[in-house]
Amino acid sequence: MAATGVEGARLWPAPDHTRLVLDTAGKVDHNVFSLSGPARLVIDMKNVDLKTDFSGLDLSGSPIKRIRSARRNGNDLRVVLDLRDDIKPRSFQLEPNQQYGHRLVVDLIDEGGLKTQKPVKPTVAQNPNGKRDIVVVIDAGHGGEDPGAIGPRGTREKDVVLSMAKTLQSLINQKPGFTAKLTRTGDYYIDLRSRTLLARKHNADLFVSVHADAFRTPQPSGASVFALSERGATSESARWLAQSENRSDLIGGAGGVSLNGRDEMLAGVLLDLSMTASINSSLGVGSSILGKLGNVTKLHKRGVEQAAFVVLKSPDIPSLLVEAGFISNPQEERNLASSAYQRKLANAVFDGIYDYFAKTPPPGTLLAHQKANGKIDGNVSQYRIRRGDTLSTLARENQTSVSELMRFNGLNNDRVMVGQTIRIPAS
């Protein structure tokens, strides 16, 4: 009898690869190889039995035309993927997590698709002054086979943060002078280094990674903001300097630093200066965001924390990780699953970003032009809704319109709640 079984299968199509995940009862001895003419991928597993049906998988959007399987050598299992094109395979095994047991992961990497994809161009604002937008890249943590933390009621971090990232993107894109891009737009996984690489490709002025924290007990609660630690900066500097192929890459972000052709000492000094400037900017914008979050939710810590998270390690792009709350806390899990609460947090994060850049706009941006000409709407006021308030009365009192207040606050309708904080533009 076979010692273990393939008990389920999932497919996660992403822009540059498709991930096939096989649920297994335990670790499996396996071998993966490609065949061409026609293109196929073969997965051989020793001492394994098939206990699922591949016919239920939706193959649309993937390079797979059909999945076949057969017994081999008595106790072994062979799975064959008939492919539309040649791919580069990669396989590894994952230990059990909160949602799944043992898994064999097979990535089908579309190298041809990667080569034909158009390079990302930096976004330039189409406004009368020809000034560029401030570019914010928003990263929804986890995704695909990685659900992130899971709350007591089963709410998954990957779903909450993607929804919140899309809301934040919408708010940012509504603001003249700003453009927001997402690292992932659907339920698939991107490795951590690729997330920062996407920020560099977009020439980001700011990178914000959105997460929802978890702890082994349900008590901890509150939002947090993290920037890169000095220890994380030191290890990253060493990594960049050690890998010569990185040097010509370091050209994205607000700093626009290049180490190409520099001698060892000068490259080290330039990188340290860039890292220090990025961390200082991260702490500045992080403090601004934390101040706004404190108006709408409890804070876990009063100041910006620092840690060596991989997604914060861009030497030339100010980078932050926002923990929206503790999904392991039952009350916060309920809050985080609510689109109204997500919008409230997203509004606070955007307010913090806007206030920071309104004070220190990057050169060449529309905000810098507005500030130089005294036109920046830094006179945005915050108003907490009281009993009896309506948007129409607030619009009348502040010489603006209901539709403008809705647009300015990212509201879908004109209903407001007592205690809610809204932003009122200068008249």
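Is Glu95 buried, partly exposed or exposed? In this predicted model, Glu95 is partly exposed, with a relative accessibility of 46%. Its side chain forms a salt bridge with that of Lys27, at an N to O distance of 3.3 Å. The two residues belong to distant parts of the chain, 68 residues apart. Lys27 sits in the loop between β2 (17-24) and β3 (30-35), and Glu95 in the loop between β8 (88-94) and β9 (103-109). Lys27 is exposed, at 59% relative accessible area, because the cut-off for that class is over 50%.

The salt bridge between Lys27 and Glu95 is one of 18 found in a search of the whole structure. Another joins the side chains of Arg78 and Asp44, with 2.8 Å from N to O. Arg78 is part of strand β7 (residues 76-83) and Asp44 of strand β4 (residues 40-45), so this pair ties together parts 34 residues apart in sequence. Arg78 is partly exposed at 26% relative accessibility, whereas Asp44 is buried at 10%.

A salt bridge is also formed between the side chains of Asp355 and Lys292, at 2.8 Å from N to O. This contact links helix α8 (residues 339-359), which holds Asp355, to helix α6 (residues 264-296), which holds Lys292; the two residues are 63 residues apart. Asp355 has a relative accessible area of 24% and is partly exposed. Lys292, at 17% relative accessibility, counts as buried, because the limit for burial is under 20%.

Salt bridges also occur as a network, in which Arg10, Asp23, Arg103 and Glu145 are linked.

Terms used
Residues numbered from 1 in each chain as written. Predicted model: local features only at pLDDT ≥ 70, side-chain atom pairs only at ≥ 80, totals over all residues. Heavy atoms only, no water. Salt bridge = Lys/Arg side-chain N within 4 Å of Asp/Glu carboxyl O. Helix = DSSP H or I, 4+ residues; strand = E, 2+ residues; numbered from the N terminus. Buried < 20%, exposed > 50% of the residue type's maximum accessible area, 1.4 Å probe, protein only.
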